[in-house]
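Please find below some comments on the model, set out as numbered points. They deal with the ligand site and with a patch on the surface.

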Amino acid sequence: MTMLKIENIKKHFCTEEIETIALNGVTFNIKEGEFVAVMGPSGCGKSTLLNILGLLDNPTNGDYTLLDKEVGKLKERDRTLFRKGNIGFIFQSFNLIDDLSVFENIELPLIYLKVKAKERKERVEALLKRMNITHRAGHFPQQLSGGQQQRVAIARAVVCNPKLILADEPTGNLDSTNGKEVMELLTELNREGATVIMVTHSQHDAQYADRVLNLFDGKLVKDENIVM
Ligand code: ADP
Ligand code: MG
C-alpha cells in the first residue's frame with residue numbers, strides 16, 4: 001500500500017529581492033513500511049522537502065497525498081490534527097521544550113490528542129523504559145546528554161504510534177555511539193511497522209535504509225533501492 005505520493009512539488013522562498021527555488025518539481029511515491037534516506041549536498045532542499053512531507057510547511061505548487069488524503073485540501077485545524085495523529089518528527093537539534101521535564105515533553109502530544117491521564121502515564125512510562133531514561137523522567141532537557149535528549153525526542157515523536165516517522169539529520173549532533181543507537185532505534189521502529197524517511201549526510205547512516213533518494217538543486221536526481 002502507498003504511504004504517500006507527491007507530484008511535481010515546488011517550493012519558492014521569497015525574501016526581499018531574492019527568490020530561492022528550494023524544490024523544483026519533485027515527484028515520488030513511498031510505500032508503507034519503507035525506510036528511505038534522503039541525501040544530497042547542503043542547500044539542495046532536503047529539509048524543505050521533509051518539512052513539506054511532515055506538514056510543517058506548504059509547497060508553492062504540487063500535490064501531496066498522505067494515507068489516501070489530499071493534504072493540501074485539509075483545513076488548517078484538520079491538518080494539524082492529522083499531522084499529530086499520524087506523523088512523528090525528529091530534528092537534528094532535538095527541539096525539546098526546556099521548561100518541561102522529560103516526562104512532560106514525551107506526554108505533550110498525548111495531551112494534544114486528548115488521551116486520558118492513566119493511558120498517558122502508561123505510554124510515557126513504557127517509552128521511558130524502552131529509551132533507557134526512566135531515571136531521567138523528572139529532569140529537564142538541559143540536564144541531559146545529547147544522546148539522552150535525542151532519545152527523549154524520539155519517544156515524543158513516537159508516543160502517538162505514528163505511521164510515518166520523519167527525521168532530519170537525527171544523528172547530526174551526536175557522537176558515533178549515540179548515533180548508532182539512534183539508527184538502531186529507527187530500524188526497530190521501522191521493523192515494527194512505521195514508514196521512516198530520514199535526511200542524512202552520512203553514507204554510514206544511509207546504509208540502514210532500503211532506498212535512497214538523491215536530491216540536487218531542488219530536484220530528485222537518483223532513486224535507488226538498496227538490496228542487502
Ligand atoms: P538542505 O536541508 O538540503 O541543506 P534546505 O531545504 O534547508 O536545504 O534549503 C534549500 C534552499 O532553500 C537553500 O538555498 C536555503 O537557503 C533556502 N531556504 C530554506 N528555508 C528558507 C526560508 N525559510 N526562507 C528563505 N530561504 C530558505
Ligand atoms: Mg537541512
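The points below take the ligand shell, then the polar contacts, then the surface patch.

1. The model is a predicted one, and the remarks that follow should be read with that in mind. Around ligand 1 the shell is formed by Phe13, Thr20, Ala22, Pro41, Ser42, Gly43, Cys44, Gly45, Lys46, Ser47 and Thr48. Sorted by class, these comprise four nonpolar, six polar and one charged residues.

2. As to secondary structure, strand E2 (18-31) and helix H1 (46-53) each provide at least two residues of the shell around ligand 1, and H1 is the element that gives the most, with three residues.

3. Several contacts to oxygen atoms of ligand 1 deserve a look. A polar side-chain atom of threonine 48 lies 2.5 Å from a ligand oxygen, while the backbone takes part through an N or O atom of glycine 43 at 2.7 Å from an oxygen of the ligand and through an N or O atom of cysteine 44 at 3.2 Å from a ligand oxygen. Taken alone, ligand 1 exposes 560 Å², of which the protein buries 61%.

4. On the surface, Ile97, Leu108 and Ile111 make a nonpolar patch of about 220 Å². Of these residues, isoleucine 111 lies in helix H3, which spans residues 102-112. Why is isoleucine 111 called partly exposed? Its relative accessible area is 40%, and the term covers values between the buried limit of under 20% and the exposed limit of over 50%.

How values were computed:
Residues are numbered from 1 along each chain as its sequence is written. Chains are lettered from A and ligands numbered from 1 in the order in which they are written. This is a predicted model: local features need pLDDT of at least 70, side-chain atom pairs count only at pLDDT 80 or more; totals for chains, interfaces and linings use all residues. Side-chain values use heavy atoms; hydrogens and water are left out. Patches are made of residues with over 30% relative accessible area and no salt bridge: like charges are joined within 9 Å, nonpolar side chains (Val, Leu, Ile, Met, Phe, Trp, Tyr) within 5 Å. Accessible areas come from the Shrake-Rupley method with a 1.4 Å probe; for residues, only the protein chains shown count as cover. A salt bridge is a side-chain nitrogen of Lys or Arg within 4 Å of a carboxyl oxygen of Asp or Glu. Helices (H or I, at least four residues) and strands (E, at least two) are DSSP runs, numbered from the N terminus. Buried means under 20% relative accessible area, exposed over 50%, partly exposed in between (1.4 Å probe, protein chains only). A residue is near a molecule or strand if one of its heavy atoms lies within 4 Å of it. A polar contact is a pair of N or O atoms within 3.5 Å; within protein, one must be able to donate a hydrogen and the other to accept it, and residues adjacent in sequence count only if both atoms are side-chain atoms. Ala, Val, Leu, Ile, Met, Phe, Trp, Tyr, Cys and Pro count as nonpolar, Asp, Glu, Lys and Arg as charged, and the others, Gly among them, as polar.
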